[in-house]
Amino acid sequence: ASGSPRPDGMVLWTRLAPDPLQGGGMGEAPVDVQWEVARDEGFARIAARGRATATAALAHSVHVEVQGLAPGRPYWYRFTALGARSPVGRTRTAPAEGDAAPQPLRFAFASCQQYEQGYYAAYRDMAMQPLDFVVHLGDYIYESSWGSRHVRHHQGGIPTQLGEFRDRYALYKTDPHLQAAHAAFPWLVTWDDHEVANDYTDDVSPRSIDPAQFLAIRAAAYQAWYEHMPVPASMRPTGAAATIYGRHRFGRMLDVFLLDGRQYRSHHACLAGRSASPLADCADRLAPERSFLGAKQEAWLANELAAPPARWTVIAQPTLLAEADRKRGPEHGYWMDGWDGYAASRTRLLDGLAANQARGGDALVISGDVHAFWAADLRREPQGPAVATEFVGGAITSEGPSAAGVANMLAKNEHLRYGRGDKRGYAQMALDARGCTVEFRAVDDEKAEDAAVVPMARFAVERGAPGVHLEST
Ligand code: FE
Ligand code: CA
């Protein structure tokens, strides 16, 4: 796998694991790993090469930070260790920072790939597309078994120990289509809740007994995440803490702000004394001190959004940003694990995006988590103009909401312009100097290994005019 592309390089990742589902099978000794980067698929023109050491402390994973490459072009890479050679991966550097003529970009975004609930036909389709990069918005693994009509199975129960999390990642990564999508493009990755525990907020999990116990689980989960993701050493956890949010620049065309919506957030509002009810409403959810991102990440993002913008700003973050009244009938009800439980934090983010737009950068928000496709106008007031545009790219496999639930949300929230919960899949976004197009791609049947993947809806967003334009379904 490769990730975090920059104009002069990227992260290359591999893990030595001959017995992947039972600890890896590598023992305790460090192993010398050679890596090569070439300008061509046949490795006739080597651009960079070097050595890294795979150690037991990191499950014999390797994170190489390649430097000195040329901007905006493809490269191929491979690893050699213990007399064995890896398959060849393809990756791509980001465009030059001061590119005189910003090039169009195309990328995919995906989330929520519960392994038991379906096959990864979406990744088979993604790997064949002409993409510059992929963004993963979280729920890369699931800690728990749930949902109906499983087509394959987790081994073991809910992981709490490092070894158990390692084996869960290894199981997901045995999937050939997921491997193909990693080997085809560099990825940007953030996490959501299921990489650790459902609906956790900072140091509290609904499932856990006390924060100290939960933080030990979180430390193990974050460690295994790092060991299995193509991310730089700067994201390596220290105990239960890891800094994974950041800006990824693609020339003057695009800044991607990848956010961490779990590690720093305030605990759930309006649920005190209740057994994690999905819908609630109370004044506390509006409290200004509540934060989805935490004070430090919020301040960092506000500062970044105040800087001269690229033509497009993409906020890549786990879950639906738009307000969503989900309750049937005239009363209001909101899902406290989403941004609606952090309304003031959302307002501060939308204020930043509005200021960004006023300076000539157009903002798009891409989201996952809710296992449905949505397109939304993001407004600061209910009847106000859109200041940004949001797209939620479905789930690779995870079960979605009922048709009645989606219809109710569309009826009660007019800024939600499109919603589909019955199909699994992912989204592609294409950006150029004039506009943005988004295509939602749907898996015909995630329970079928050879399922077709087809375009389901296309949208456009014009430069300088935020808001959803539905082009076709
Ligand atoms: Fe999910
Ligand atoms: Ca959840």
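**Strands β22, β23, β24**

I started with Glu439 and looked up its bridge partner in β23, which is Arg458. I'm working on a predicted model here, where local features need pLDDT of at least 70, side-chain atom pairs count only at pLDDT 80 or more, and totals for chains, interfaces and linings use all residues. For my own bookkeeping: residues are numbered from 1 along each chain as its sequence is written, chains are lettered from A and ligands numbered from 1 in the order in which they are written, and side-chain values use heavy atoms, with hydrogens and water left out.

Strand β22 (residues 435–443) and strand β23 (residues 453–462) run antiparallel and are joined by 9 bridges. Strands here are DSSP runs of E with at least two residues, helices are runs of H or I with at least four, and both are numbered from the N terminus. Two strands pair if DSSP finds at least two bridges between them. Val443 has Val453 as its bridge partner in β23.

Next I followed Arg458 the other way and found it opposite Ser472 in β24. β23 and β24 also run antiparallel, with 4 bridges. They form a hairpin with 2 residues between them, and Gly464 in the turn has a positive phi of about 80°.

**The sheet of 10 strands**

I then traced the whole sheet: 10 strands, open, mixed pairing, in the order β5-β2-β1-β11-β10-β9-β21-β22-β23-β24. Its edge strands are β5 (61–65) and β24 (465–472), each pairing on one side only. The twist averages 30° from one strand to the next; axes are lines fitted to C-alpha atoms (for helices over the stretch in contact), and angles run from 0 to 180 degrees between N-to-C directions.

What covers β10? Phe133 and Val135 on one side and Val134 and His136 on the other are all buried, so I noted both faces of strand β10 (residues 133–136) as covered. I use buried for under 20% relative accessible area, exposed for over 50% and partly exposed in between (1.4 Å probe, protein chains only). Strand β9 (residues 105–110) runs parallel to β10 with 4 bridges, and Phe109 has Val135 as its bridge partner in β10.

**Iron site**

Which residues hold the iron ion (ligand 1)? I got Cys112 (SG), Asp139 (OD), Tyr142 (OH) and His371 (NE2), lying 2.0 to 2.4 Å from the ion. Donors are N, O and S atoms within 2.8 Å of the metal (3.2 Å for Na, K and Ca); water is not among the atoms, so sites may look incomplete. Along the chain the iron donors follow C-x26-D-x2-Y-x228-H.

The 4 donor atoms subtend angles of 87 to 169°, which makes the arrangement irregular. My cut-offs: four donors count as tetrahedral if all angles lie between 85 and 135 degrees; four count as square planar and six as octahedral if opposite donors are over 155 degrees apart and all others between 65 and 115; anything else is irregular. I checked two donors for burial: Asp139 is buried at 0% relative accessible area, and Tyr142 is buried at 0%.

**Calcium site**

The calcium ion (ligand 2) is coordinated by Asp193 (OD), Asn198 (OD1) and Asp199 (OD), at 2.3 to 2.4 Å. The spacing in sequence is D-x4-N-D. Asp193 is buried, at 1% relative accessible area, whereas Asn198 is partly exposed at 32%.

**Pro401 and the sheet of 7 strands**

I found Pro401 in the loop between β19 (386–393) and α7 (403–412). Pro401 is partly exposed, at 33% relative accessible area. Leaving out residues up to four places away in sequence, Pro401 touches Val370, His371, Ala372, Val406 and Gly421; contact means heavy atoms within 4.5 Å. His371 is also one of the iron donors.

The second sheet I traced is open, has 7 strands with mixed pairing, and runs β12-β13-β15-β17-β19-β18-β20. β12 (246–250) and β20 (416–420) stand at the edges with a single partner strand each, so one side of each is left without a neighbour in the sheet. Strand β18 (residues 373–379) runs antiparallel to β20, with 4 bridges. α7 packs on this sheet, touching β18 and β20, and its direction makes about 175° with that of β20.

**Whole protein**

Last, the overall tally: 7 helices and 24 strands. Of the 473 residues, 59% count as buried.
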